[in-house]
Amino acid sequence: MNTRITSLFAAAVLSTLASTAFATDSLANNVDKTYRLKDGGTVFVFKDGKMAAADKFDRVVHLPKGQVLETADGQKIVMTSSESARLDFQLRQGHEN
C-alpha cells in the first residue's frame with residue numbers, strides 16, 4: 001500500500017516537472033529577446049518584433065503602445081505593441097489539464 005502511494009506521488013511530481021519544461025520550451029521557441037525591468041518585471045520581444053510584458057510574479061500585464069520602460073541596467077525601452085494575449089497563451093502552454 002505504501003509503495004503504491006509513493007508511486008502515485010512520484011508520477012504526479014514528474015508530470016508537473018515535465019509540463020513546466022514544455023511551457024518554458026514553448027516560450028523560448030517564440031521569444032527573441034527578454035529584458036528584465038527595474039521593477040522586477042520582464043519585457044518579451046517575440047521573433048516577429050512584437051512585444052509583451054509580465055510583472056515580477058510572471059503575470060501578464062497590458063501596457064499601452066508607446067509606454068517607456070526602464071530596464072534593470074538603466075536602458076529605456078518603448079513598447080511598440082502589447083501582445084498580452086499571446087504571452088498569456090505561451091506561459092500557459094503545458095499548465096492546463
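Val-61 is partly exposed, with a relative accessible area of 26%, and this valine is found in strand 4. Please keep in mind that the model is a predicted one. Across the protein, pLDDT averages 82, and 72% of the residues score at least 70. The protein has two helices and six strands, which follow the pattern α-β-β-β-β-β-β-α along the sequence.

**Val-61 and its surroundings**

- Setting aside neighbours within four places in sequence, Val-61 is in contact with Ala-53, Ala-54, Asp-55 and Ser-84.
- Val-61 also appears in the lining of the largest pocket, together with residues including Ala-53, Ala-54 and Asp-55.
- From Val-61 to Val-43 the C-alpha to C-alpha distance is 10.0 Å, and the two are 18 residues apart in sequence.

**The largest pocket**

- This pocket has a volume of about 160 Å³.
- Its lining consists of Leu-37, Lys-38, Asp-39, Gly-41, Ala-53, Ala-54, Asp-55, Lys-56, Val-61, Leu-63, Leu-69 and Glu-70.
- Strand 3 and strand 5 are the elements that give two or more residues to the lining.

**Nonpolar cores**

- Nine residues make up the largest nonpolar core: Leu-37, Val-43, Val-45, Met-51, Ala-53, Leu-63, Leu-69, Ile-77 and Met-79.
- Two or more of these core residues come from strand 2 (42-46), and strand 3 likewise gives two or more.
- Another core, of seven residues, lies apart from the largest one, and Leu-27, Phe-44, Ala-52 and Ala-54 are among its members.
- Leu-63, a member of the largest core, is in contact with Ala-53, Leu-69, Met-79 and Ser-82 when neighbours within four places in sequence are left aside.
- Leu-37, Ala-53, Leu-63 and Leu-69 belong to the largest core, and these four residues also help to line the largest pocket.
- For the protein as a whole, buried residues make up 26% of the 97 residues.
- Of the contacts with a separation of 6 or more, 44% are between residues 24 or more positions apart.

**Salt bridges**

- The structure holds five salt bridges. As background, side chains of opposite charge can pair when their charged atoms come close.
- Asp-48 pairs with Arg-86 in one salt bridge, where the closest N and O atoms are 2.9 Å apart.
- Asp-48 sits in the loop between strand 2 and strand 3 while Arg-86 sits in helix 2 (residues 84-92), so this pair ties together parts that are 38 residues apart in sequence.
- Asp-48 counts as partly exposed, at 46% relative accessibility, and Arg-86 also counts as partly exposed, at 25%.
- Asp-88 and Arg-92 meet through their side chains in another salt bridge, at 3.0 Å from N to O.
- Both Asp-88 and Arg-92 lie in helix 2, four residues apart, which is about one turn of the helix.
- Relative accessibility is 27% for Asp-88, which is partly exposed, and 44% for Arg-92, which is partly exposed too.
- Elsewhere, Lys-38, Glu-70 and Lys-76 are joined into one network by salt bridges that share partners.
- Within that network, the side chains of Lys-76 and Glu-70 meet at 3.5 Å, N to O.
- Lys-76 is exposed, with a relative accessible area of 55%, whereas Glu-70 is partly exposed at 27%.
- Lys-38 and Glu-70 are also among the residues that line the largest pocket.

**A backbone detail at Asp-58**

- Phi of Asp-58 is near 60°, a positive value in a residue other than glycine.
- Where does Asp-58 lie? This residue is in the loop between strand 3 (51-54) and strand 4 (60-61).
- Asp-58 counts as partly exposed, at 46% relative accessibility.

**Where to trust the model, and where to take care**

- Among the elements, strand 5 (residues 68-70) has the highest mean pLDDT, at 96, and helix 1 (residues 2-30) has the lowest, at 61.
- Over residues 17-23, pLDDT stays under 50, and the model has nine contacts beyond four places in sequence for this stretch.
- Where pLDDT is low, the predicted coordinates should not be read in detail.

Methods: Residues numbered from 1 in each chain as written. Predicted model: local features only at pLDDT ≥ 70, side-chain atom pairs only at ≥ 80, totals over all residues. Heavy atoms only, no water. Buried < 20%, exposed > 50% of the residue type's maximum accessible area, 1.4 Å probe, protein only. Core = buried A, V, L, I, M, F, W, Y, C linked by side-chain atoms within 4.5 Å. Contact = heavy atoms within 4.5 Å. Salt bridge = Lys/Arg side-chain N within 4 Å of Asp/Glu carboxyl O. pLDDT = per-residue confidence, 0-100. 1 Å grid on protein atoms, 1.4 Å probe; cavity = no way out; pocket = protein on both sides within 12 Å on 5 of 7 lines; lining within 4 Å. Points joined across faces, edges and corners; volume = space filled by probe spheres on them.
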